[in-house]
Amino acid sequence: MSAESQTMTVFGCRMLEPLLAPYLEPEQPAVFLDYGLHERPSEMAPALQERLDSLPEPTTVVIGYGLCGNGVVGLAAGRHTLVLPKVHDCVAMVMGSHAAYAEDFRSNPGTYYLTRGWLDIGEDPLHEYQRIVERRGVEFAERVIDSLYGNYHRLCLLAFSAEDMEELRPRASAVVEFCRDRWNLSYDEVIGDPSFIESLMNPSRHTEPGYLVVPPGGEVTQEMFLE
């Protein structure tokens, strides 16, 4: 890495930590935030803003989040320069590009993507059903879960690598079985492409179309991701 990249700070989703960590130089500042912010997108920008404002010197900050349910909207650069991937969520980053994600979704509309992050926090159809059963009973849980997931046609387990897939497959098996039995979902496995993460961590690539650069004094808006 160049000297420029060594001063770059990284804020990212903990789900991406295994992908981003190999590109970090020793002592390079990096903070990985809790998966749960995806469930509470209104808290995402404030959590990032707090860490951004605490940085002692102006710097370039790579934000390892996509639009994520508008969670990054309103993030103010202040005296820093922000670099964000121009994607809607982490799935596109793991797949290698927004184009790869869009192509997979076009070929398989109605896909529910199951990732390491969702498995780690139990945010998937099976565990959500089990939590609702405990609170409100089976009949209510079935109505809710069908309304949330009944229109999906395919469950796709998304992994970072072949090794990652080997680890995730047994953990995902109960979720796969539940979705297959209840909604007859088909099942696929997709191994991601590291090229997007590699370019995200390379400052010389940040002027490419797949990134948003917010200069000092700027603010992240939804429109930036939709242009």
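**Briefing: Leu84, the cores and the sheet**

Leaving aside neighbours within four places in sequence, Leu84 is in contact (heavy atoms within 4.5 Å) with Ile63, Tyr65, Val72, Gly210, Tyr211, Leu212, Val214, Val220 and Phe225. This is a predicted model, in which local features need pLDDT of at least 70 and side-chain atom pairs count only at pLDDT 80 or more, while totals for chains, interfaces and linings use all residues. Residues are numbered from 1 along each chain as its sequence is written, and side-chain values use heavy atoms, with hydrogens and water left out.

Nonpolar cores
- The largest nonpolar core (buried Ala, Val, Leu, Ile, Met, Phe, Trp, Tyr and Cys residues joined through side-chain atoms within 4.5 Å; buried means under 20% relative accessible area, exposed over 50%, partly exposed in between, with a 1.4 Å probe and protein chains only) has 51 residues, and those with the most contacts inside it are Leu48, Tyr65, Val72, Leu82 and Leu84.
- Helix 4 (residues 90-95) gives the most to this core, with six residues; helices (H or I, at least four residues) and strands (E, at least two) are DSSP runs numbered from the N terminus.
- Another core, of 21 residues, lies apart from it and includes Leu114, Ile145, Val175 and Trp183.

Sheet
- Five strands form an open sheet with mixed pairing (at least two DSSP bridges between two strands), in the order 2-1-3-4-8.
- Strand 2 (30-33) and strand 8 (211-214) are the edge strands, each pairing on one side only.
- Strand 1 (residues 9-13) and strand 3 (residues 60-64) run parallel and are joined by four bridges, and Phe11 has Ile63 as its bridge partner in strand 3.
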